[in-house]
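Work through the following exercises with the structure in view. Each task is followed by a solution in steps.

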Amino acid sequence: MKWKTPKTAQTLADALKATLHGDPERWLSGIQTLEKAGPEFLSFCTNKQYRPQLEQTQAGLVIISPEELPFCRRDALVVDHPRLALVQMAEWLKAEVKSEPGIHPTAICHESAVIAATATVGPYCVLGPGTVLEDEVVLYPQVVLGRDCRVGRASVLRSRVTCYDQVQIGERVLIHSGVVIGSDGFGFANDEQGQWIKMPHFGGVVIADKVEIGANTTIDAGFIEPTTIGRGVIIDNLVQIAHNVLIGEGTAIAAAVAIAGSTKIGKGCLIGGGARIAGHLDIADGAMITATSAVNRSLHQAGVYSSGFPARPNKQWRRNVARFQYLDQMAKRLARVEKNLNMESES
Amino acid sequence: MKWKTPKTAQTLADALKATLHGDPERWLSGIQTLEKAGPEFLSFCTNKQYRPQLEQTQAGLVIISPEELPFCRRDALVVDHPRLALVQMAEWLKAEVKSEPGIHPTAICHESAVIAATATVGPYCVLGPGTVLEDEVVLYPQVVLGRDCRVGRASVLRSRVTCYDQVQIGERVLIHSGVVIGSDGFGFANDEQGQWIKMPHFGGVVIADKVEIGANTTIDAGFIEPTTIGRGVIIDNLVQIAHNVLIGEGTAIAAAVAIAGSTKIGKGCLIGGGARIAGHLDIADGAMITATSAVNRSLHQAGVYSSGFPARPNKQWRRNVARFQYLDQMAKRLARVEKNLNMESES
Amino acid sequence: MKWKTPKTAQTLADALKATLHGDPERWLSGIQTLEKAGPEFLSFCTNKQYRPQLEQTQAGLVIISPEELPFCRRDALVVDHPRLALVQMAEWLKAEVKSEPGIHPTAICHESAVIAATATVGPYCVLGPGTVLEDEVVLYPQVVLGRDCRVGRASVLRSRVTCYDQVQIGERVLIHSGVVIGSDGFGFANDEQGQWIKMPHFGGVVIADKVEIGANTTIDAGFIEPTTIGRGVIIDNLVQIAHNVLIGEGTAIAAAVAIAGSTKIGKGCLIGGGARIAGHLDIADGAMITATSAVNRSLHQAGVYSSGFPARPNKQWRRNVARFQYLDQMAKRLARVEKNLNMESES
């Protein structure tokens, strides 16, 4: 990746508070991997497993930890945590492309919306009555916010995020494109003719500070109380979070997970990609649910839970699946054998 | 939730055709749960399991059924079905925030589009040639409708709904944000060089009356005949419905379900969250497919079908999965044991 | 489906390079299935299994292969490959509804964006600095492209496609509505307080020529190197492709698949609907992963891989699942029985 403007090694060292070994006047024009970087590129080595690439790299400058210095034959920026230095650099580069705050003339904001002077509202955004944007909020193009929403300080909503009514978003939240928040929960009753009667959902959604929500994820409004996403939760793409779900602080949810209505997920949980969690459950703090697992009862203590099967060659798989349909019979036959042998069955 | 304007107990009683026990002049400013409501709030008790909360509530007024009256120490609105009273109230409150019909000046409607005088077209909507909106249709901001679409009376399309060409939507349909309808079916043939050749999809989509479709769901166009969603079907968020699928009346489909091409789902089916249904199948009326099940052959009669495994502690799970890879061998060994004992195998 | 304008049998024969049997002056007004077509419709028979319908059809004209000619009682267009003739016809009809190139006055294009004179930019599109549209590109309404994107010749982005920064799209690519490309990868580190620190993703996305991507699919940006979709890959709706995934040429990915970060999928693979592929894996060229399978280790050779279970009547299913929780014990008991009988265990 090339930067908008090249930087000197000294500028980078100052920005990252790194110790520079080499030429402070060297110009770098962007960042690349150890293998691909040429002399005009900055690179980085985050782990000693990349030491062979470090020894071979043609990069002009490399971010490394002190232990890697003996293996680096190019100029080096030495820092304690190379990964965190990359994070810092990303923050610092963001400032480069930051647009001026202000409301784009094509944005349509209801007269009762309250927008901080330092907030940015992009082209074709639409803001409903009573909606509030705090300081330094950034709305990318085409964001739609309904009635009585609030977006906290320094939160960023990427293009096409849509919030229905009464969605409360905390500070420093990042929501990716295509996310829908506050849509009606999927709660229906059957009437006397067997037709679906839709239950209203008044509860809105509350999203705490420092949450990140991935592209095209959906979060439904609660019935009377809000659906709630705790502080520091991170959610990947295409995740479904149903009405009245509560997600505890710091929990991480990978892509394509679906969580059904009124389930409460604890703090610090890890939910692997494609997992499915049924409704009205209680998942303990610190539970780790591995990818593709299906959870249909509450998990009352921390620990690792699984139900996914790994793919196998189809022929072998099909033979075993065919036998599985008779597993109950097999268990009974085995017990009968044991009895015949006067052996005690263990289960 | 607070209402736009407070209401008196008498106004609420009249709107819900309820019997009022208490002060007709009491002002209520919104609705809350029994536990959270203070004296300025309306609350509700939908089930006798909430009787303890009913006895303790500080709500100013409570919607209850006649049986709960002895347990209610606050003013009460007595109705036969408290849940249905909530539904009625939601309908009645919607009128409060209803916008005036009309076409927003930023909407771009092709000159051949036909828009009823009582329809509402929100900001930045784009309507293609030949598209028709019937009476009382509401398009929220940024809806895009292609060529020759039709939206029936009183249907509502939330922000960012996108329909391609020839999408026919019935009356009183509700489609949530981010839904895409009528995109090309995923039908490809291989040419002689092994490259994918895309089959055209001319068939469009037909959605009957009173359907509800959840956020970011996708419904592809049919090949020559339309993909069809029957009357009163309810579909949750992030559901995939492929080309030429037919969904029968009143079927309910929970979140994250995927249904492959040309499958026909019967009437009154219930499809649990995350279920997968293969293509070219026939699912009988009244079939219930539990959450996370995978259906790969037709289901010819009503009943409950399953294939999901519940998550277990990982250590136990892994041991059993490892054994599963040898289940076919186990079955053969068991048969050999039975033969050795002159016992007859049962399967 | 009716066409915008009727066509004569001769016009159709010329367009499809077909041999016409029947009246060259016959007017056809659209295309229909064999069963539904009346005399003013064109129909088609792609397979001898439809011979009974072919013999009964009332269509005015039918596209058939030479072998079906004896069974066709209506006028016929004889071609070698009826399916390919439908593809050709679709291409030819597209020209009918093609809009004039140009930039809609409501599109907001950064002054440094470069847009070919033959490109089309629809209403309410927003293009960032440095973004390039090559010849004959078509952007439908409300497409948002960030900074330094490039869209290659004759590619089409349907309404509401969103690309973040540095997304490179090849030629003749088709991207459906709601797709998000280049959103931040889901890569986080834990800081010393156990809070998530987000890793930056500089790498963008590269999409080669002739790719098709289905509605509401998401493709994240890579870390330093780009996420890469190979030439001729076809991807269905609601698919998740994480950061730094590489997809080889000609691979087909059905709906609702999720592929985790840094996994490399080979060329010519087939990935069935709802499959889940873990991160950092290597999937060989030509691997076929059946629908709903979960892959958690690399697949080093071509072949068919599976892990899905087909749904069964719930009662039977639950009995077998209950036994599965004791499968490891069953295996040990079986071994004990064999030992008791002095039989050799085979696994």
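**Exercise 1.** How many residues of chain B are in contact with chain A, and how many residues of chain A do they meet? State which elements of chain B take part, and sort the residues by character.

*Solution.* The model is a predicted one.
- Step 1. With contact taken as C-beta atoms within 7 Å, 59 residues of chain B touch 62 residues of chain A.
- Step 2. On the chain B side, two or more residues each come from helix H3 (82-97), strand S39 (312-313), helix H4 (314-324) and helix H5 (327-340).
- Step 3. That side of chain B holds 31 nonpolar, 20 polar and eight charged residues.

**Exercise 2.** Find the strand of chain A that pairs with S39(B), and give the sense of the pairing.

*Solution.*
- Step 1. The strand is S38 of chain A, residues 303-306, and its pairing with S39(B) is antiparallel, with two bridges.
- Step 2. For Tyr305(A), the bridge partner in S39(B) is Pro313(B).

**Exercise 3.** Into which domains is chain A divided, and what distance separates the centres of domain 2 and domain 3 of chain A?

*Solution.*
- Step 1. The assignment for chain A gives domain 1 (2-97), domain 2 (161-305) and domain 3 (318-347).
- Step 2. Taken over C-alpha atoms, the centres of domain 2 and domain 3 of chain A are 41 Å apart.

**Exercise 4.** What operation superposes chain A on chain C?

*Solution.*
- Step 1. The operation is a rotation of 120° with a shift of 0.0 Å along the axis, and the RMSD is 0.1 Å.
- Step 2. This relation is therefore that of a three-fold axis.
- Step 3. The copies use different surfaces, as 18% of the contact residues of chain A recur in chain C.

Conventions:
Residues numbered from 1 in each chain as written. Chains lettered and ligands numbered in written order. Predicted model: local features only at pLDDT ≥ 70, side-chain atom pairs only at ≥ 80, totals over all residues. Contact = placed C-beta atoms within 7 Å. Helix = DSSP H or I, 4+ residues; strand = E, 2+ residues; numbered from the N terminus. Nonpolar A, V, L, I, M, F, W, Y, C, P; charged D, E, K, R; others polar. Pairing = 2+ DSSP bridges. Domains from an automatic or database assignment. Least-squares fit on C-alpha atoms with pLDDT ≥ 70 in both.
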